[in-house]
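Hi,

Here is the structure I promised to pass on. Have a look at it first, and then read my notes underneath.

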Number of protein chains: 2
Amino acid sequence: METRRDVFQAIADPTRRAIILLLAVSAMTPNAIAEHFNSSRQAISKHIQVLTECEILKQEQKGREIHYHLNASKMNEIEKWLEQFKQLLAKRFDQLDDVLKQLKSEKK
Amino acid sequence: METRRDVFQAIADPTRRAIILLLAVSAMTPNAIAEHFNSSRQAISKHIQVLTECEILKQEQKGREIHYHLNASKMNEIEKWLEQFKQLLAKRFDQLDDVLKQLKSEKK
DNA sequence: CACTTGCGCAACCAAATAGTTGCACGTATA
DNA sequence: TATACGTGCAACTATTTGGTTGCGCAAGTG
């Protein structure tokens, strides 16, 4: 539970993905979040902890309540990787394009 | 090892993400893939198995070799979720916008 | 036909994960 | 001040993970 976490591991769990979507709409207290799920308060609390550890969530103490809100910028890491993936893929098709062009010119 | 897998779990592991990027460039045999890592052939083989289970990879038998290649469309699921996330976020800002507008008009 | 090569698969293992229960400790409220 | 809330945190458990070793088997090669 205290290993090096990253965003990818964070979103691996469906409950955590749901929490992220929930907090994308508005900040919430742990109890408020937990109400949206069937799991116990503590189970949700653990997920929140995981998300906080990898800085997807930030706390804000308000009296005895703690409001968790999203650090949306962290999600860029996922997008960045996805972009990298798409670039490689595109490059592959470019190369395929080259090959096809070459075949065509050889045909002449 | 045989639970219901999804793309998000698949990309949670850094080695698997690397394999995906590798195969984005070109299809490969398990041995060829393994050569790019320090892990053993079997360890990589397991990762390949995971990726195949959630249909990110597809096999193609060629003689005694098996070529694994990407089913790039599976990656859309990630993008789809990310899109959903961004939409919720945008909506939130729209609402914030509304609030600001309202404040402005009340000021008048 | 022996022999090597490429691979999957089963059995094991240590570590991590998701969840549970129970408690501690400030912050509000009667 | 006594009590009820909101929450974190520690301990314990079952399950899953990522990895290792070793085997088997089909496809090629001498």
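Below is what turned up around DNA strand C and in the largest pocket.

Before anything else, keep in mind that this is a predicted model.

Let's start with the DNA. DNA strand C is surrounded by 24 residues, and the closest are Ser40(A), Lys46(A) and His47(A) from one chain plus Asn31(B) and Tyr68(B) from the other. Of the atoms of DNA strand C that come within 4 Å of the protein, 59% belong to sugar and phosphate.

A few side chains are worth clicking on. Lys46(A) has a side-chain N or O atom 2.3 Å from a base oxygen of DNA strand C. For Arg64(B), the distance from a side-chain N or O atom to a base oxygen of the strand is 3.0 Å. His47(A) goes to the backbone instead, with a side-chain N or O atom 2.4 Å from a phosphate oxygen. As for secondary structure, the elements giving two or more residues to this surface are helix 4 (41–53) of chain A and, in chain B, helix 3 (30–34), helix 4 (41–53) and strand 2 (65–70). By type, the surface near DNA strand C has 10 polar, 9 charged and 5 nonpolar residues.

Now the pocket. The largest one has a volume of about 180 Å³, and its lining includes Thr29(B), Arg41(B), Ser45(B), Arg64(B) and Tyr68(B). Strand 2 of chain B gives the most to that lining, with 3 residues, while helix 3 and helix 4 of chain B each supply at least two. The lining splits into 3 nonpolar, 3 polar and 3 charged residues.

Cheers

Conventions. Residues are numbered from 1 along each chain as its sequence is written. Chains are lettered from A and ligands numbered from 1 in the order in which they are written. This is a predicted model: local features need pLDDT of at least 70, side-chain atom pairs count only at pLDDT 80 or more; totals for chains, interfaces and linings use all residues. Side-chain values use heavy atoms; hydrogens and water are left out. A residue is near a molecule or strand if one of its heavy atoms lies within 4 Å of it. A polar contact is a pair of N or O atoms within 3.5 Å; within protein, one must be able to donate a hydrogen and the other to accept it, and residues adjacent in sequence count only if both atoms are side-chain atoms. Helices (H or I, at least four residues) and strands (E, at least two) are DSSP runs, numbered from the N terminus. Ala, Val, Leu, Ile, Met, Phe, Trp, Tyr, Cys and Pro count as nonpolar, Asp, Glu, Lys and Arg as charged, and the others, Gly among them, as polar. On a 1 Å grid over the protein atoms alone, a cavity is a set of points where a 1.4 Å probe fits but cannot get out, and a pocket is an open set with protein on both sides within 12 Å along at least five of seven lines; lining residues have an atom within 4 Å of a point. Grid points are joined across faces, edges and corners, and a volume is the space filled by probe spheres set on the points.
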